[in-house]
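User: I would like to go through the classifications made for this protein and ask for the reasoning behind each of them.

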Amino acid sequence: MTNLQRILNLVLLPLIVLLALFFVRGMIASKPERQVRKPPVVIPSVTYIEAMMQDIAPAIRTYGNVRSFFEAQLSAQVAGEIITVADSFNSGQIINKGDVLVEIDPSDYLAIIAREESALASSKQSLSEEKTRSQLAAVDWVESGRALKDATDLTLRKPQLVAAEAAVASARATLEKAKLDLDRTKIRAPFDAIVQSRTTSLGNYVNIGSSVGVLVAKERAEVRLPLTPEQIRRIDLPMKNSSGNTATSHNAELSTPTQPGVNWSASIIRTEPSVDPQNQVVYVIGEIEDPFEDPNAFLPIGAFVDAVIDAKVIEAAYSIPNKSLVEDSFIWVIDANESLKKQPVTRVFADADNLIVKLDQSEDSGLLRVATRPLASFREEQTVKPILSDQ
C-alpha cells in the first residue's frame with residue numbers, strides 16, 4: 001500500500017463515518033413524533049341488591065328428636081299364666097284408658113279370696129263372742145256388789161276384745177288385698193295411648209314385675225331443642241311462675257325429612273334449668289298436641305325434626321347477603337352518583353344465607369344499594385355501573 005492510499009484511508013474513513021452519522025440523525029429527526037394514547041377509562045359493573053330498612057323478626061333455627069310426653073312400661077303386679085291378650089295390644093294400635101290389654105289366670109286369686117272371706121267371717125264370730133264375754137264379765141262384777149270402776153281391764157276382758165277387733169281388721173285388710181290382686185290379673189291401659197311394643201304372648205307365665213309392653217301417650221308429645229347463647233338473647237325463655245303458669249311462650253314449626261311437606265306446631269312451654277357442659281347450650285321443651293291424630297301426618301316418637309322458632313323483632317335493620325359483608329365491619333353501597341362508598345355496619349344476626357345488620361352513624365336511611373360481590377380492588381368514590389341482582 002502506497003503512502004497516498006494510507007493518507008486517503010486516514011482521511012476518507014472518518015469522513016464516511018461522520019456522513020453516516022449525520023444521515024442517521026437526519027432520518028431520526030425527520031421521523032414523525034409518536035402520539036401517546038391514554039388508556040380508556042374502564043367502569044366496572046357491580047351487582048347489587050336493594051335493601052330497605054325495616055323491622056325484621058328472623059326465626060331461630062334448631063333441631064331435636066321427638067319423645068313421648070308419657071311413656072309407661074306395663075308390668076305384671078301378680079304372677080300367673082297369661083290367658084288373654086287383647087287384639088288391640090299390638091305395636092301401633094290406639095287404645096283407650098281402662099282397656100283390658102292382658103289377663104292373667106285368676107283361679108289362684110279366687111281361691112285366696114274364698115279363704116280370706118272365711119277367715120274374716122271367723123274373726124267376726126270371735127269378735128262377737130268376745131263382746132258377749134266382756135259384757136257378762138261386767139254384769140258379774142256389778143252383781144257381786146262391787147263398783148264397775150274398780151274392775152281391771154283384764155277382768156272386763158278389754159285386751160281380749162281389742163285383740164278380736166284387730167283380728168277382724170287384719171282379716172278384712174287381707175281380703176281387700178286378695179280382691180286387689182284379683183283385679184290386678186287384668187292389666188289395663190293407664191291412659192289413652194298408642195302401643196309402642198308388646199313383650200308377652202298368650203300362654204306365657206309372668207312373675208311380679210315382668211314387663212308385658214310399652215305405651216306412649218297419644219294426645220301429646222315433646223321435643224327437646226338446643227339453643228346457643230346467641231339464640232337465647234333473641235328469645236324470652238319460657239319459665240314457670242309461682243302459680244304454675246308459663247310466663248312467656250313461643251311457637252315452633254317442626255318438619256322432618258321423613259315426611260317432606262308436612263309441618264307440626266309445638267308450644268315452647270319450659271326451659272331446662274341446667275346448661276350442657278360440653279357445648280354450653282340450653283334446652284327448651286316444646287309440646288306437640290295430637291301428633292298421631294292425622295294418619296297422613298304421623299309424627300313418630302324418636303323422629304328427627306328441624307325447628308323454626310319465632311323470636312324478638314330487630315328494629316331498624318337491613319337484611320343483606322352473607323357475602324356482602326367485608327371484614328365483618330362494613331359493606332359497599334352505591335350512592336346516587338353511581339359511586340362506591342364504605343358503610344360501617346354492625347352484624348346483629350346471621351343464618352345460612354343472610355345477615356341482619358344495623359348501620360353505624362350513617363346519613364342514609366331507607367333504601368340502600370348494597371354490592372353483592374365486593375372486590376378487593378374497590379375504592380372510595382369509584383364510579384361503577386350498577387346491575388340489579390335477580391336473586
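The exchange below takes up salt bridges, burial, surface charge and strand pairing in turn.

User: What kind of model is this, and how many salt bridges does a search of the whole structure find?

Analyst: The model is predicted. The search of the whole structure finds 17 salt bridges.

User: Why is the contact of Glu130 with Arg133 called a salt bridge?

Analyst: The criterion is a side-chain nitrogen of Lys or Arg within 4 Å of a carboxyl oxygen of Asp or Glu. Glu130 and Arg133 have an N to O distance of 3.4 Å, so the pair satisfies that limit. Both residues belong to helix 2 (residues 107–143), where they are three residues apart, about one turn of the helix.

User: Why is Glu130 described as buried or exposed, and where does Arg133 fall?

Analyst: Buried means under 20% relative accessible area. Glu130 has 7% relative accessibility and therefore counts as buried. Arg133, at 37%, lies between the 20% and 50% cut-offs, so Arg133 is partly exposed.

User: What makes Asp183 and Arg188 a salt bridge, and how accessible are the two residues?

Analyst: Their closest N and O atoms are 3.3 Å apart, which is within the 4 Å limit, so the pair is a salt bridge. Asp183 has a relative accessibility of 40% and Arg188 a relative accessible area of 33%; both values fall between 20% and 50%, so both residues are partly exposed.

User: How do you know that Arg220 and Glu287 form a salt bridge, and which parts of the chain does the pair link?

Analyst: The closest N and O atoms of Arg220 and Glu287 are 3.7 Å apart, within 4 Å, so the criterion is met. The pair links distant parts of the chain, with Arg220 in strand 12 (residues 220–227) and Glu287 in strand 15, 67 residues apart. Arg220 is partly exposed at 29%, whereas Glu287 counts as buried at 14%. Both residues also take part in a network of salt bridges that links Arg67, Arg220, Glu222, Arg270, Glu287 and Glu289.

User: Why is Glu293 called exposed, and of which surface patch is Glu293 a part?

Analyst: Exposed means over 50% relative accessible area, and Glu293 has 59%, so Glu293 is exposed. Glu293 gathers with Glu219, Asp290 and Asp294 in a patch of negative charge on the surface. Glu293 itself lies in the loop between strand 15 (282–289) and strand 16 (304–309).

User: What makes strand 7 a paired strand, and how covered is strand 7?

Analyst: Two strands pair if there are at least two bridges between them. Strand 5 (residues 80–85) and strand 7 have three bridges, so they pair, in the antiparallel sense. Val85 has Val102 of strand 7 as its bridge partner. Three bridges also join strand 7 to strand 8 (residues 186–188), again antiparallel, with Lys186 of strand 8 as the bridge partner of Glu103. Strand 7 (residues 100–104) is mostly covered, since four of its five residues are buried.

User: Why are strand 4 and strand 6 placed at the edges of their sheet?

Analyst: The open sheet has four strands in the order 4-11-9-6, with antiparallel pairing. Strand 4 (71–75) and strand 6 (94–95) each have a single partner strand, so one side of each is left without a neighbour in the sheet. Strand 9 (residues 193–198) and strand 11 (residues 211–217) pair over five bridges, and Ala193 has Ala217 of strand 11 as its bridge partner.

How values were computed:
Residues are numbered from 1 along each chain as its sequence is written. This is a predicted model: local features need pLDDT of at least 70, side-chain atom pairs count only at pLDDT 80 or more; totals for chains, interfaces and linings use all residues. Side-chain values use heavy atoms; hydrogens and water are left out. Patches are made of residues with over 30% relative accessible area and no salt bridge: like charges are joined within 9 Å, nonpolar side chains (Val, Leu, Ile, Met, Phe, Trp, Tyr) within 5 Å. Accessible areas come from the Shrake-Rupley method with a 1.4 Å probe; for residues, only the protein chains shown count as cover. Lys and Arg count as positive and Asp and Glu as negative; His and the chain ends are not counted. The place of a charge is taken as NZ of Lys, CZ of Arg, CG of Asp or CD of Glu. Helices (H or I, at least four residues) and strands (E, at least two) are DSSP runs, numbered from the N terminus. Buried means under 20% relative accessible area, exposed over 50%, partly exposed in between (1.4 Å probe, protein chains only).
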